[in-house]
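Student: I've just opened this one up and could use a guided tour. Can we go through it together?

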Amino acid sequence: LVNYPYRERSVGAVRPIMSAFSEMTSRAVMTPKAPALAAARHQQHVAAQARSLEGVARSAGGVASSKPLPEMMTATLAAASGAGLAVRGRASKRRGNKMPSRTVLAARGGEAAQGLSEVEMWTGLTPGKDYRLQTMSVQSVANNTSTIRSLDWDRDRFDIEFALERGTTYNSYIIKGSEKTAVVDTSHEKFERLYFDALNKEVDLATLNYLVCSHTEPDHSGLIGKLIALAKKAGNEELTVVGSKMCISFLENLIFEPFKHQVVANGDKIDLGGGHELEFVIAPNLHWPDTMFTFDHGTGVLYTCDAFGMHYCSDNLKDVEGVQELLPHYELYYNCLMKPNARSVLSALKKIGDFDVKSIATGHGPMLTEFCGEWVGSYKDWSEKATANAGPSVALFWASNFAQSERLSQLFAHGLTSNNVTVEMHDLNAVDIHDITEIVGRASVFAIMAPPVDSDASANIANIIANAKPKKHQFMILDSFGGKSQESVALLRNRLNSAEIPEAMPAMEVKDENAGVTPQVMQGFEEAGMFLGRKLTQKEKAAAAKNQNKDVAKAVGRIAQGLYVATAKKSGVRHAMVASWVSPVSTEPLALQLTIAKDRAMEPLLRIGDSFTINILEEGSPETLKLTKHFLQKFAPGVDRLEGVDCFEGSNGAAVLRGACAYVECKILSRMDASDHWIGYAEVIGGNVAKQDATAAVHHRKIGSYY
């Protein structure tokens, strides 16, 4: 890009080109000694990226050259080295500034990327897709402190709500005191070989003293059992696993061999020597009930596992990309996992308020060092806003006995929070009768995930019923996908109906146990949360609409819009809705905006990076009436709206309706928060006209406060 001129209008294209160039060169540098198959696949990926980038560069109008991209890259690197391309030595503290990737700096003759392993391929998530795995060891992240970052470069989703743009990381830390050594968290079990290759270079397992488990979710604790076994094999019977009471209880059910452990409570400390005094903070529900933080008074590093994390994979150890680049990933992570536990976030922030925190070592994404205060401030602001809502409150009880119970409850909770409903999540195994009395007292609705038969979790349901008041409370039952081990959903409904407590919504069940928890099922649980949230807030919304100036609302209603059906497909889930708030916004690139209510069932499929299709309906056509009538009906959560509709799959996977007169395919590049709606800015990537002489349908409203 240094060597080739670009027109003023293409300046906006430079950033994505450089970003892609950064990523491509970094991944090319990362491939030194991979096994033959992994290396071959990696090179194919780089070549494909090169072809893609070449097209992007040329289409942007910013690279006027007939040279193939590899030659352009060589010329660019040479020019950058010779001309002394300006690179700051450290990240600016100003919001939004960012540092380039370290491997790109290395290519320019600057700082070298350190501790990168070979690339290993993994195929266990999406059939037919290869995922590149790699570890990155950094010797000094603080005094006597190092890290092993497991880089999951290509992970593209965490359930349906996480459409990952930049993969993710699983971070493990090693603290070496003058007397003792501790490892904080491990990694996902798919990184077993890479992780232990790196760990064995850092730690002698025969003398390792402590293994701190922040919480037992498998992506952080997946290798704990293996680590304990390897330590014992090396003659170390004294390795002590440190965790909260619930964490150790969970581990005993995951690791079927006895292990030495130490249960810690708030304020408990372990001294490693040399100033490294570790203090523990119990932080339940962030986002598991067994979660705890660890603070090293010697370095000012706070180890938080999931809290303050983000799904963002790069070879930068710290948050040097800047707030502007990282905030969308950070906020999405908060909204999906932490917002339903906002009350617990504020409680944890209060507990760490007296610590002199210099850096936050998260379980996912970069260490938060450059902008630590801003990140913590955002959590505080978002959580205060979430808990300040005086509207309806839902207490959601799930059962940690079943892996899918937590997963499905998070999806349901995320759907609820899209309607500004206050949500509290609690594990039925982690609450006592006093907790339940307070929790139910704050809630207007309680939702219960089916617990195991004849368990402590099951016994707590009697306590919930005892504290419920028929005139104040409503209930909803949800499947935990525990099979025959869980209590019957039908029997749970009968128990609550017998107590004369009204049912807020029909129960959510996984209909096909053989198929398991599919993306369609996950979408259904999130939609169920949206539907319940919409029901609980409809009176408040109607009252707000009534208070608007009627004349102004009528005037706004006179602004005409088109009539469309928006369709999308994501992780195998098809969706569709009638849309009218669609309009062109730019000609270069050709782009439009799609405005969608935050509580619309299709919203999870319309986030940054997602593709969709706008099907343009024809004015006066009987087919238009038929399609709008079909898509405006009330669907049950998770139902395929396109079942039985005459359509075909477009190039982006979304449905093209044969009854439409034209269609436009788009990809969302950014979104803007517009109060109760999202405004998506989407580049047009395809389309066609089916009827050349057709007139597009127009939608007229009587009042601007309703569709």
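What follows is a chat about a predicted model, going from the whole chain to a few chosen spots.

Student: Let's start broad. How many helices and strands does the protein have?
Tutor: Remember that we're looking at a predicted model. Its secondary structure, taken over the protein, comes to 18 helices and 30 strands.

Student: And what share of the residues counts as buried?
Tutor: Buried here means under 20% relative accessible area. The protein has 707 residues, and the part of them that counts as buried is 55%.

Student: What percentage of contacts join residues at least 24 apart?
Tutor: For this one, take the contacts between residues at least 6 apart in sequence. Among those, the share that joins residues at least 24 apart is 69%.

Student: On to helices. Which residues of α10 are buried?
Tutor: Helix α10 covers residues 342–351. An α-helix has 3.6 residues a turn, so residues three or four places apart point the same way. Seen down the axis of α10, the buried residues fall within an arc of 155 degrees, so they line one face of the helix. They are Ala342, Ser344, Val345, Ala348 and Leu349.

Student: What covers those buried residues of α10?
Tutor: Both helices and a strand take part. Included in the cover are β13 (292–296), α9 (323–338) and α11 (372–388).

Student: How are α9 and α11 set to each other, parallel or oblique?
Tutor: Their axes are 11 Å apart and they pack at an angle of about 40 degrees. Angles under 35 degrees count as roughly parallel, and 65 to 115 as roughly perpendicular. The angle of α9 and α11 fits neither of these, therefore the pair is oblique.

Student: Is that crossing of α9 and α11 left-handed or right-handed, and how do its contact residues divide by class?
Tutor: The crossing of α9 and α11 is right-handed. On the α9 side, the contact is made by Val323, Leu326, Leu327, Tyr330, Glu331, Tyr333, Tyr334 and Met338, while α11 brings Glu374, Trp375, Val376, Ser378, Tyr379, Trp382 and Ser383. By class, the residues of this contact divide into 11 nonpolar, two polar and two charged.

Student: How do α14 and α15 lie, roughly parallel or roughly perpendicular?
Tutor: Helix α14 spans residues 456–467 and helix α15 spans 489–498. Their axes come within 10 Å and cross at roughly 30 degrees. Since angles under 35 degrees get that label, α14 and α15 are therefore roughly parallel.

Student: Which residues meet where α14 touches α15?
Tutor: From α14 come Ile461, Ala462 and Ile465, and from α15 come Leu492, Arg495 and Leu496. By class that contact has five nonpolar, no polar and one charged residues. Arg counts as charged, so the charged residue among those named is Arg495.

Student: Now a loop. Is histidine 276 buried or exposed?
Tutor: Histidine 276 sits in the loop between β11 (269–271) and β12 (277–282). Leaving aside neighbours within four places in sequence, its contacts include Asn143, Lys176, Asp271 and Asp296. Its relative accessible area is 1%, and the cut-off is under 20%, so histidine 276 is buried.

Student: Which residues does asparagine 285 contact, leaving aside its neighbours within four places in sequence?
Tutor: Asparagine 285 is in the loop between β12 and β13. With a relative accessible area of 8%, asparagine 285 is buried. Its contacts are Asn341, Ser344, Met425 and His426.

Student: What is the omega of the peptide bond from leucine 286 to histidine 287?
Tutor: Histidine 287 lies in the loop between β12 and β13. The bond leading to it from leucine 286 is cis, with omega near -5 degrees.

Student: Which residues does the cis peptide bond with omega about 5 degrees join?
Tutor: Look in the loop between β23 (582–587) and β24 (590–597), the place of proline 589. The bond joins glutamate 588 and proline 589.

Student: Last one: is phenylalanine 308 buried or exposed?
Tutor: Phenylalanine 308 is in the loop between β14 (301–305) and α9. Its phi is near 70 degrees, a positive value in a residue other than glycine. With a relative accessible area of 3%, phenylalanine 308 is buried.

Technical notes: Residues are numbered from 1 along each chain as its sequence is written. This is a predicted model: local features need pLDDT of at least 70, side-chain atom pairs count only at pLDDT 80 or more; totals for chains, interfaces and linings use all residues. Side-chain values use heavy atoms; hydrogens and water are left out. Axes are lines fitted to C-alpha atoms, for helices over the stretch in contact, and angles run from 0 to 180 degrees between N-to-C directions. Helices (H or I, at least four residues) and strands (E, at least two) are DSSP runs, numbered from the N terminus. Angles under 35 degrees count as roughly parallel, over 145 as roughly antiparallel, 65 to 115 as roughly perpendicular and the rest as oblique. Contact means heavy atoms within 4.5 Å. Buried means under 20% relative accessible area, exposed over 50%, partly exposed in between (1.4 Å probe, protein chains only). The arc is that of the directions from the helix axis to the C-beta atoms. A crossing is left-handed if the near helix is turned anticlockwise from the far one by less than a right angle, and right-handed if clockwise.
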